[in-house]
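Here's a walk through a protein model, going from the overall fold down to a couple of spots worth a look. Keep the viewer open as you read.

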Amino acid sequence: MDIDDILKDFEESSRTAQTTTTTTTSRTSPSHTSNLYQELLTSMINERMSPELLPYQHSLMSSVLSAMSSQQQYLLESHEYGDLNAGNGAMVSSDFKLLLMIIETDLERLNFIVRMYIRARITKLNKFTIFYINESNQDSGEDEEEGLLSKQEKVYLLRYFLILSQLYNNCFLKKMPQELTFLDDTRGAESMVVAPDIDQPVFIRCVLERPIILDRDGNTEIDLELVKDGVYVVKYSLVKKYIEIGDIVMI
């Protein structure tokens with residue numbers, strides 16, 4: 001039994017109880033965050049397993065952070081309520097204490113997944129800094145709610161690149177000829193801009209009800225048919241669009 005089962009059982013028991021405390025508990029149950037948790041978990045795994053940066057989940061992250069803020073506020077008010085009752089000699093029900101423990105656990109797991117998601121993205125930003133600076137410049141005309149990077153990530157990326165450039169310049173670039181000091185130089189056989197390898201093989205699972213046909217070279221012959229709940233190893237470039245729309249998840 002995981003925390004989602006506990007939340008469900010607790011919510012069902014809350015509906016049948018008749019006390020005032022339990023009625024309050026039913027209204028403030030954190031079970032509504034279970035769907036957010038599953039969506040966030042899927043996004044985090046996709047982000048960690050993909051070789052490139054996936055579009056930032058603006059709407060999902062906004063909902064998750066809002067839910068976490070509401071839970072934190074509820075915990076703060078509930079602890080103040082419990083301290084006030086304890087000071088007046090009143091008893092706090094065991095159901096109320098259990099609810100607070102469940103909310104705290106739910107909040108911690110959301111917080112953990114959010115951190116994992118952000119760290120996975122920052123790792124790629126650090127590794128492919130110049131590449132994603134160029135990508136963000138190309139996306140500058142798009143709606144910020146649909147862009148590849150969040151507003152905070154754009155600020156971080158530019159600051160990180162500035163620090164990196166200053167470090168390189170102080171260590172060795174200032175001693176080199178001017179034509180060899182450009183970090184974004186793409187001339188010649190070797191490009192200075194490191195890009196993600198989108199042909200890297202990845203593990204995926206199909207979640208779409210109908211089969212997905214991957215036609216690698218555009219021929220009429222079927223290369224691979226992906227069926228629901230099937231697990232496959234394929235090139236990331238072949239399934240990128242399906243991952244972004246949610247028909248395929250990475251594992």
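We'll start with the whole chain and then turn to two of its helices.

First off, keep in mind that this is a predicted model. The protein has eight helices and five strands. Reading from the N terminus, the order is α-α-α-α-α-α-α-β-β-β-β-α-β, so to speak a run of helices, then strands, then a helix and a strand.

Now for the chain-wide numbers. There are 251 residues in the protein, and 37% of them count as buried. Take the contacts between residues at least 6 apart in sequence: 71% of these join residues at least 24 apart. As for the surface, the protein exposes about 15500 Å², with carbon and sulfur atoms supplying 53% of that area.

Next, zoom in on helix α5, which covers residues 94-127 and includes Asp106. Is Asp106 buried or exposed? It counts as buried, because its relative accessibility is 0%, and the cut-off for buried is under 20%. Asp106 does have a polar partner: its side chain and that of Gln71 are joined by a polar contact of 2.8 Å.

Finally, move along to helix α8, residues 236-245. Its buried residues are Tyr236, Val239, Tyr242 and Ile243. Look down the axis of α8 and these buried residues fall within an arc of 125°, so they line one face of the helix. Why does such spacing work? An α-helix has 3.6 residues a turn, so residues three or four places apart point the same way. On the face of α8 turned away from the buried side you'll find the exposed residues Lys241 and Ile245. After α8 comes Gly246, with a positive phi near 90°.

How values were computed. Residues are numbered from 1 along each chain as its sequence is written. This is a predicted model: local features need pLDDT of at least 70, side-chain atom pairs count only at pLDDT 80 or more; totals for chains, interfaces and linings use all residues. Side-chain values use heavy atoms; hydrogens and water are left out. Helices (H or I, at least four residues) and strands (E, at least two) are DSSP runs, numbered from the N terminus. Buried means under 20% relative accessible area, exposed over 50%, partly exposed in between (1.4 Å probe, protein chains only). Contact means heavy atoms within 4.5 Å. Accessible areas come from the Shrake-Rupley method with a 1.4 Å probe; for residues, only the protein chains shown count as cover. A polar contact is a pair of N or O atoms within 3.5 Å; within protein, one must be able to donate a hydrogen and the other to accept it, and residues adjacent in sequence count only if both atoms are side-chain atoms. The arc is that of the directions from the helix axis to the C-beta atoms.
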